[in-house]
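The following note concerns side-chain and helix packing. Please read the numbered points alongside the sequence and the model.

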Amino acid sequence: MQIPGSPLLEVNHLHTSFFTFSGEVQAVRDVSFRAHRGEIVGVVGESGSGKSVTFLSVTRLLSASGKIVGGEVRFDGENVLAMSHMQLRKLRNQGIGMVFQEPMTSLNPTMQIGVQIVERIRAFNKGISNQQARAQAVRLLESVRIPEAKNQLKAYPYELSGGMRQRVMFAIAIATGPKLLIADEPTTALDVTIQSQILKLIRSLRNDTNVCIILITHDLGVVAETCERVIVMYGGMIMEEGLVDEIFYETAHPYTIGLRKSIPNINQLGGDRLYSVPGSPPNLLNPPQGCPFYARCDQAMRICKQHRPPYYQLSPTHRSMCWLLDPDYPGRGGGR
Ligand SMILES: Nc1ncnc2c1ncn2[C@@H]1O[C@H](COP(=O)(O)OP(=O)(O)OP(=O)(O)O)[C@@H](O)[C@H]1O
Ligand SMILES: [Mg+2]
């Protein structure tokens with residue numbers, strides 16, 4: 001993928017597995033991509049496609065059974081996989097901010113949110129006074145568009161709505177001025193109106209600070225609203241990657257076509273049932289030898305079962321892994 005400027009995050013041929021009693025779960029298999037300052041990259045795919053594990057690998061926050069078994073991760077030019085404990089602490093605290101789906105599990109329910117934000121600020125800026133940290137906490141709450149920010153410092157998490165709690169999570173994640181913000185399903189638990197406000201907040205945070213944002217979601221509609229670029233994952237691999245317009249209007253992979261068809265359409269209200277791709281994802285204990293989508297693909301050919309397709313570069317910013325894109329495939333360009 002050729003995007004001008006040096007990448008902030010560079011992942012090359014990443015393989016991550018979980019070693020369980022049942023065997024090796026190959027959760028991430030040969031994933032490579034780049035992300036740049038100031039862009040919002042959507043990572044989309046069904047449950048179990050490897051989205052979270054890819055970014056837990058990037059921050060080296062995998063659970064004990066998880067291991068990066070191959071590949072390279074570079075953040076701002078540094079080799080993340082060779083970092084010491086101290087360097088990793090710095091990376092997670094200052095380089096990369098993270099926001100997860102359920103703020104109630106990340107916020108301490110017994111502490112006022114102001115105290116939690118101040119703690120975060122002071123942990124990485126020892127020289128700052130309590131008063132200065134509180135002033136900074138107010139500015140942070142304002143930057144995530146929390147009304148009457150000063151009064152809200154005393155609120156406990158349970159006193160805030162789901163959308164407000166999620167805003168507090170963003171405030172904590174940006175408190176130390178990270179260059180990369182990873183938001184893993186930040187809007188999944190929210191209703192559509194609040195979801196749309198959080199997506200607007202994500203765009204304004206990027207516009208205000210030029211931070212690079214990775215937005216992980218299973219909802220291609222969320223991506224269309226917010227991102228410039230999209231990575232589509234399935235079975236631990238990247239199936240397609242491109243600019244939002246390329247993914248929506250020049251969709252190359254049958255899996256992406258299925259995801260696109262499953263976006264709710266206003267014209268469908270009261271009409272047909274919402275489409276979902278038939279079948280279920282592959283078992284990553286014993287992943288398919290060929291294309292991971294083979295068993296669910298309505299255009300599958302014999303070669304798809306036996307051999308994993310290479311990536312076909314469709315434009316400088318668009319690539320996809322599907323044998324149908326092979327120049328020698330007779331049906332190529334058949335108006336999908
Ligand atoms: N701790 C673990 N032990 C064993 N397998 C795991 C573990 N964590 C994740 N996996 C497996 O790794 C694969 C990828 O999981 P991952 O959490 O990255 O999916 P995801 O795309 O983030 O899905 P979701 O949309 O549900 O969050 C899945 O098959 C999952 O079962
Ligand atoms: Mg996940």
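1. A residue is called buried under 20% relative accessible area, exposed over 50% and partly exposed in between (1.4 Å probe, protein chains only). Tyr255, at 0% relative accessibility, is buried, and so is Tyr234, at 1%.

2. This is a predicted model, in which local features need pLDDT of at least 70, side-chain atom pairs count only at pLDDT 80 or more, and totals for chains, interfaces and linings use all residues. Residues are numbered from 1 along each chain as written, chains are lettered from A and ligands numbered from 1 in the order written, and side-chain values use heavy atoms, without hydrogens and water.

3. Rings of Phe, Tyr and Trp (its six-membered ring) pair if their centres lie within 6.5 Å; planes under 30 degrees apart count as stacked, over 60 as edge-to-face and the rest as tilted. Five aromatic pairs result from this rule. One of them, Tyr234 with Tyr255, is tilted, with 4.6 Å between centres and 50° between planes. This pair joins distant parts of the chain, 21 residues apart: Tyr234 lies in strand 9 (residues 229-234) and Tyr255 in helix 11 (residues 254-261). Ring pairs also link Tyr234, Tyr255 and Phe293 into a cluster.

4. The charged end of Arg319 sits over the ring of Tyr311, 4.3 Å from its centre (the criterion is CZ of Arg or NZ of Lys within 6 Å of the ring centre and within 35 degrees of the ring normal).

Key: Helix = DSSP H or I, 4+ residues; strand = E, 2+ residues; numbered from the N terminus.
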